[in-house]
Amino acid sequence: MGKAKETDRRALSPCLTRRLAGLLLAGTVLAAPAAMAQEKASVTPTFQNPLAVTGTAAADGATDTAASGTKALPDPTTTASTPGDLAIAAEDETVPAEIGEDGAYLSTSRRTERLNPRETNLDHVSSKFGDPYEPTGIRLGTFVLKPSISQGIGYEKTKSGDTSSSRTFSQTGLKGTLTSDWSRHQLTVEGEGIYQRNISGTGETEPKVDINADLRLDLSDDTIADITGGYNFERESSSDPNAVNGASVQSGVHTFSAGAKVKRDFGLIRGTLGAALEREVYGSAELGNGAELDLSDRNNTEGTLTGRVGFELSPALIPYLEASVGRSYYDNKQDSLGYERSASTLGGRAGVEVDLGEKLRGDLGLGYKRATFDDSRLAALEGITVDGAVFWSPQRGTDLRLGLVTNLQPSTAAGQSGYLEYIATADLTHELRDNLVARLSGAYTWRDFSASAGLPDQDVYLAGAGLTWNITRWLAMTGDVSYELTRQSGASDTGVTRAGIGLVLRR
C-alpha cells in the first residue's frame, strides 16, 4: 500500500511541474506591459483627452497679486471652460492651451514660452472653440482691435416737486478695445465715446468720453509693473451738491490721469507700491439767462502715493495692510469765495483678497481717511472708508458684480469742507439663451455731510434693467430702462426715468 502511494506521487510530479512553469510564464508575460507602462508614466506625464474635458476655467482675478512668469504643467484633473480647451495651472491664473492655425494643440514647450495667452477667436479659428456671438476682432500687426458702433433712440423724464420736463434724443456711441498679442508684456487700450442730440423736448444732453491705457511689464517671474494713463469727459450731474443751481447746462469736467505700480512676491509676502496723478479741469456752466459762469477756480491736480503689504495664508486668501498719502493743489490759491482749498490727505485700511477661481473672487477693505485744508477756516474732512469689489458666478451664464467705493468730495460752498460719498453698486447678468442676455443693475449713493456744514444727508437710488439680443456675430439689439431717485431733507425729491433702444454693429 505504501509503495502504491509513493508511485502515485512520482507520477504526478512531472505534471505539477509543468503547471507551475506555465503559470510562471503567463505571469511574466502579463506583468511585462504593466511594468513598461509604469516606467513610461514616470518619465512622461499623461493628459486626459482635451475634447472630453468639461467644466469651468478661472477668469482673471481682481486681486492685487503678482503673476508667475513660468507656467506649470497641466494637472490631469484641471478643467477647461469649454470642450476643446485644456487649462494649464499657474500660480495665480489659468491659461487656456493655445491652438494652432490648423486647429491642433500646440506642444507644451511652445505654450510655456508665452506669458500671455494668444489672442484667438480670429476668422481663421473655427467657431466651435469659442462663443459664436463673440466679435472676432481685426488683427493689426501684433494687436487685435475689437471696435463697435451703436445708434439708438432714448426718452428721459425728470420730475422735481411739481415741475417736470422730458426729452427725446438720439444717441450715437463708439467703443473699441485694442490688445497686444505679445509673448511677453501686454498693452491694452480701451475707449468709449457717447454723443447725444435732442430731437424734442428740453433737458441736458449727457456726452461722454472715456479712454484708458494699461501697459503691463513682466520684469521678472516675481515682479510686474503697470503704467497707466487715461482721459475722461462728462457733464457734472444736476443732483451733485456742487452743481450750479438754476443752470441750464452744467459744467463739463475733463479728467486726466496717469499712474505707475510695481507688484512683487517675496515668498509668502506680497508687496505693492504705486503712484497716481490726476488733474481736473472744469468748463463754464450756462445759466438760465444764457450767461456763462466761469468755474476755473475749481481746477486742481492731486498726487497720491500708496503702499500695500499682504501675507499669503493660501493662494485663495491674502489679508493685507495698505497706507496712502496724497496732496492736492488748486490752480488758484483761493477760490472765488476767498477760501484756500488745497489739502493734504492721509489714509489707511486693512482688508483681504479672496480668489476661489471663476466662482468667487474679490477684494474688500475697511479703513479711515482724513483731509486737512490749507485754510484754517475749513474743518478737516474725515471718516471711515469701505472699498471693494466682489465677483460671484453661481452658475455658468450668471454673473454678479458688487462694488463699494468711498470718496472724499471737497465742497464749493462758503465755509463748508465737503462731504463723504459712499457708493454701492450691483450688476447681475444672466444668459436666457445663447444669444439673449438679461441685465439687472442697482446702485445706492449716500452723501454724508459733516456736522459743521449744517446740511442734511443726501440719498440717491438707482435701479435698471436691460436686454441684449445678439442677432449675429456682427449685429446686436439692446434695450434699457432705469429710474433714479434723489432725496434730501428740506428739498423736493427728484426722479429721472430713462428708456432706450438701439442697434450695435461690431467687428
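**In which strand does Gly464 lie?**

Let's start with the ground rules. This is a predicted model, where local features need pLDDT of at least 70 and side-chain atom pairs count only at pLDDT 80 or more, while totals for chains, interfaces and linings use all residues. Residues are numbered from 1 along each chain as its sequence is written, and side-chain values use heavy atoms, with hydrogens and water left out.

**Exercise 1. Place Gly464 and describe its surroundings.**

Step 1: Gly464 belongs to strand β22. Strands here are DSSP runs of E with at least two residues, helices are runs of H or I with at least four, and both are numbered from the N terminus.

Step 2: check the accessibility. Gly464 has a relative accessible area of 13%, so it goes down as buried. The cut-offs are under 20% for buried, over 50% for exposed and partly exposed in between, with a 1.4 Å probe and protein chains only.

Step 3: list the contacts (heavy atoms within 4.5 Å). Leaving out residues up to four places away in sequence, Gly464 touches Arg439, Leu440, Ser441, Val481 and Ser482.

Step 4: try a C-alpha distance. Asp480 is 16 residues from Gly464 in sequence, yet their C-alphas are 7.3 Å apart.

**Exercise 2. Work out how β20, β21 and β22 are paired.**

Step 1: take β20 (residues 418-433) and β21 (residues 436-449). They run antiparallel and are joined by 14 bridges; two strands pair if DSSP finds at least two bridges between them.

Step 2: look at the connection. β20 leads into β21 by a hairpin of two residues.

Step 3: go on to β22 (residues 458-470). β21 pairs with β22 over twelve bridges, again in the antiparallel sense.

Step 4: follow one row across. Leu428 has Leu440 of β21 as its bridge partner, and Leu440 in turn is matched with Ala465 in β22.

**Exercise 3. Classify two aromatic pairs from these strands.**

Step 1: count. The whole structure holds five aromatic pairs. To qualify, ring centres of Phe, Tyr or Trp (its six-membered ring) must lie within 6.5 Å; planes under 30 degrees apart are stacked, over 60 edge-to-face, and the rest tilted.

Step 2: Tyr419 and Phe449 sit 5.1 Å apart, centre to centre, with 45° between the planes, which makes the pair tilted. The pair ties together distant parts of the chain, with Tyr419 in β20 and Phe449 in β21, 30 residues apart. Both Tyr419 and Phe449 are buried.

Step 3: Tyr444 and Tyr461 make another tilted pair, at 5.2 Å centre to centre and 40° between the planes. Here Tyr444 comes from β21 and Tyr461 from β22, 17 residues apart.

Step 4: are Tyr444 and Tyr461 buried, partly exposed or exposed? Tyr444 is at 31% relative accessibility, so it counts as partly exposed, and Tyr461, at 37%, is partly exposed too.

**Exercise 4. Find charges that sit over rings.**

Step 1: set the test. NZ of Lys or CZ of Arg has to be within 6 Å of the ring centre and within 35 degrees of the ring normal.

Step 2: Arg327 lies over the face of Tyr329, 4.8 Å from the ring centre. The charged end of Arg473 sits over the ring of Trp474, at 6.0 Å from its centre.

**Exercise 5. Trace the nonpolar cores.**

Step 1: a core is a set of buried Ala, Val, Leu, Ile, Met, Phe, Trp, Tyr and Cys residues joined through side-chain atoms within 4.5 Å.

Step 2: the largest one has nine residues, among them Tyr339, Phe373, Leu408, Leu420 and Tyr422. Strands β17 (360-373) and β20 supply at least two residues each.

Step 3: zoom in on Leu420. Its contacts beyond four places in sequence include Leu381, Ile384, Leu408 and Trp446.

Step 4: a second, separate core has six residues, including Val244, Ala247, Ala285 and Leu295.

**Exercise 6. Sum up the chain.**

Step 1: the secondary structure comes to two helices and 24 strands.

Step 2: 33% of the 507 residues count as buried.

Step 3: of the contacts with a separation of 6 or more, 54% are between residues 24 or more positions apart.
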